[in-house]
Amino acid sequence: MFKAIATITLSILGAASAAQAQTPAEFYKDKQVSLYIGFAPGGTYDLYGRIVARHLGKHIPGNPTVVPKNMEGAGSIRLTNFMYTQAPKDGTAIATMGRGGAFGPLFGMKGAQFDANKFLWLGSANDEVSLCASWHLSGIKTFDDVRQKELVIAATGPSDESQTVPKILNGVLGSKFKIIGGYTGSGQMTVAVERGETGGRCAFSWASMKSIHRQWLDEKKINILVQVSYQKHPELPHIPLAGDLAKTPEDKQMIALFAARQVMGRPFYAPPDLPKDRAAILRKAFLATLDDPEFRAEAAKLRLEITPVPGERVQQIVHDIYTTPHAVVQKAAQLVK
């Protein structure tokens with residue numbers, strides 16, 4: 001009996017040792033990697049997710065098939081919770097979320113069940129400049145106008161920047177954005193603006209504007225009101241930067257909570273506790289994908305701006321935002337409720 005138990009124990013240990021000895025190429029060979037997208041099809045996050053999925057597999061040893069899958073809901077928080085609690089932690093599940101989604105717990109968002117510091121951040125496809133913009137029929141042409149007159153804007157879930165950015169601008173800079181939430185993604189919000197249901201949007205990236213809504217710009221159907229980022233986009237030198245409009249150091253810190261995350265404009269991540277070798281492989285493969293000439297050519301055709309940010313930089317940004325002074329975070333949290 002004891003001999004049988006010993007044999008079984010040795011077999012289990014042998015299997016575990018073999019699994020540990022498996023190289024990333026051996027693990028990924030003939031595998032399928034799911035790339036989850038936290039929004040409905042048709043928006044810019046969906047475009048970035050799908051183009052990365054098309055090219056990522058060839059840069060992962062073993063060349064797995066990468067399959068994009070949409071899991072929208074609550075501004076990508078539904079997906080983020082799934083990635084933290086249910087997704088496999090073996091390197092076969094990665095995802096992209098709204099850039100503000102990582103900070104739901106920081107602001108006490110109900111339903112956010114994750115620790116963003118524990119995710120493996122693969123990097124960002126773009127260092128974004130986020131905008132608030134108004135439709136040409138809204139009667140609002142400048143940020144000063146929206147300080148005087150209400151502007152109804154479309155938004156997704158409560159933790160998404162389409163809601164939190166206008167709320168912080170309302171609270172800190174005195175704007176009068178009226179937020180209508182519940183849209184599933186960029187596609188629905190675009191339709192709402194064009195139909196006149198709403199008069200504009202916030203957290204609308206300049207890259208998205210140029211790639212998907214070039215016609216709006218060419219036909220002067222959209223007015224750009226303010227930029228939310230660390231610095232102005234070189235193509236928008238005359239549009240005010242939100243941080244420059246803040247009058248006190250505390251106000252600037254609160255705006256910085258939202259401007260900092262623009263650096264992780266199109267973030268990609270994996271669940272916590274991945275094997276270290278696969279984590280390193282995925283980060284390397286992600287940056288290699290963004291530098292792939294075929295990827296770049298396809299991105300150019302889609303007019304997607306690509307300014308890669310390494311995973312280590314995104315990981316540091318998440319850490320830094322979560323170490324913002326508590327009093328500043330609490331005040332900002334009250335404003336974005």
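Accessible areas here come from the Shrake-Rupley method with a 1.4 Å probe.

**Figure 1. The whole protein chain, shown as a predicted model.** By that method, the protein chain exposes about 14800 Å², and carbon and sulfur atoms supply 55% of this area. Let's get our bearings: the fold contains 15 helices and 11 strands. Its C-alpha trace spans about 85 × 45 × 30 Å along the principal axes. The radius of gyration is 22 Å, which agrees with the value near 20 Å for a compact globule of 337 residues. Of those 337 residues, 54% are buried. Among contacts between residues at least 6 apart in sequence, 80% join residues at least 24 apart.

**Figure 2. A close-up of the largest nonpolar core and its companion.** The largest core holds 58 residues, and the members touching the most others are Met83, Phe107, Trp121, Leu169 and Phe177. A second core, separate from this one, has 30 residues, including Ala53, Leu274, Ile281 and Leu304. As background, nonpolar side chains tend to be buried together in soluble globular proteins.

**Figure 3. A close-up of Phe107 and its contacts.** Beyond its neighbours within four places in sequence, Phe107 meets Leu257, Phe258 and Arg261, and also Val329, Ala332, Ala333 and Val336.

**Figure 4. A close-up of Arg278 in helix H12.** Helix H12 covers residues 276-290. Which side chain of opposite charge is nearest to Arg278? That is Asp277, 4.5 Å away, and Arg278 is buried yet has no salt bridge. Setting aside residues up to four places away in sequence, Arg278 touches Gln22, Phe27, Tyr28 and Asp90.

Technical notes: Residues numbered from 1 in each chain as written. Predicted model: local features only at pLDDT ≥ 70, side-chain atom pairs only at ≥ 80, totals over all residues. Heavy atoms only, no water. Helix = DSSP H or I, 4+ residues; strand = E, 2+ residues; numbered from the N terminus. Buried < 20%, exposed > 50% of the residue type's maximum accessible area, 1.4 Å probe, protein only. Lys, Arg positive; Asp, Glu negative; His and termini not counted. Salt bridge = Lys/Arg side-chain N within 4 Å of Asp/Glu carboxyl O. Contact = heavy atoms within 4.5 Å. Core = buried A, V, L, I, M, F, W, Y, C linked by side-chain atoms within 4.5 Å. Rg over C-alpha atoms; globule rule 2.2 N^0.38 Å.
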